[in-house]
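Visitor: Please pick one part of this model for a close look, and then follow the chain outward from that part to whatever surrounds it.

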Amino acid sequence: QVQLVESGGGLVQAGGSLRLSCAASGRTFSSYAMGWFRQAPGKEREFVGVISWSGDPTYYADSVKGRFTISRDNAKNTVYLQMNSLKPEDTAVYYCAAGRTTAQAIYHPDGDGMDYWGKGTLVTVSS
């Protein structure tokens, strides 16, 4: 069992940066791949990126590649999403999720393959 809590969301201007954190409880955190997903108003949830249990490799959606970076600190039971060069279309509720493999995130980009979810944190990018 893994409990996940996201933080770090907020309002930022276009071109700015935010770093989201996802704190996990449960002693098996380091064995899970961790994914980030997002859901914009009126849209379906979509894959943002995923990091393996070891921290390498990582995979990203084309829409965020080169702007977003996922990292993790297994000693702190925390995964991060560094978001740079933010755009208004990045506005969404961002969720972290745990799954047994990175494939669960990649091949189920709507998130249905993941095992545990946080409640999300809102990111709003103003133009």
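Guide: The link between Cys 22 and Cys 96 is right-handed, with 55° about the S-S bond. The model is a predicted one, in which local features need pLDDT of at least 70 and side-chain atom pairs count only at pLDDT 80 or more, while totals for chains, interfaces and linings use all residues. Residues are numbered from 1 along each chain as its sequence is written, and side-chain values use heavy atoms, with hydrogens and water left out.

The sulfur atoms of Cys 22 and Cys 96 are 1.9 Å apart and form a disulfide, a term that here requires a pair of cysteine sulfur atoms within 2.5 Å; by that rule the count comes to one. Cys 22 belongs to strand 3 and Cys 96 to strand 9 (residues 92-99), so the pair links distant parts of the chain, 74 residues apart. Strands are DSSP runs of E with at least two residues, and helices are runs of H or I with at least four, numbered from the N terminus. Cys 22 is buried at 0% relative accessibility, and Cys 96 is buried too, with a relative accessible area of 0%, where buried means under 20%, exposed over 50%, and partly exposed in between, with a 1.4 Å probe and protein chains only.

From Cys 22 one can step sideways, since Glu 6 stands opposite this cysteine of strand 3. Strand 1 and strand 3 pair in the antiparallel sense over five bridges, pairing being accepted when DSSP finds at least two bridges between two strands. An open sheet of four strands takes the order 1-3-8-7, again with antiparallel pairing, and its edge strands, each paired on one side only, are strand 1 (3-7) and strand 7 (68-73). Neighbouring strands of this sheet are turned by 15° against each other on average, direction ignored; the axes are lines fitted to C-alpha atoms, for helices over the stretch in contact, and angles run from 0 to 180 degrees between N-to-C directions.

The aromatic side chains offer further links along the chain. A search of the whole structure finds four aromatic pairs, a pair being two rings of Phe, Tyr or Trp (its six-membered ring) with centres within 6.5 Å, called stacked with planes under 30 degrees apart, edge-to-face over 60 and tilted for the rest. One of them joins Tyr 32 and Tyr 116 edge-to-face, at 5.8 Å centre to centre and 75° between the planes. Tyr 32 lies in the loop between strand 3 (18-25) and strand 4 (33-39), and Tyr 116 in strand 10 (residues 116-117), 84 residues apart; Tyr 32 is buried at 3% relative accessibility. Phe 37 and Phe 47 are also edge-to-face, 5.9 Å centre to centre with 70° between the planes, and because Phe 37 lies in strand 4 and Phe 47 in strand 5 (residues 46-51), the pair ties together parts that are 10 residues apart in sequence. Phe 37 is buried at 0%, as is Phe 47 at 12%.

Ring pairs link these two phenylalanines with Tyr 95 and Trp 117 into a cluster. The charged end of Arg 45 sits over the ring of Trp 117, 4.1 Å from its centre, by the criterion that NZ of Lys or CZ of Arg is within 6 Å of the ring centre and within 35 degrees of the ring normal.
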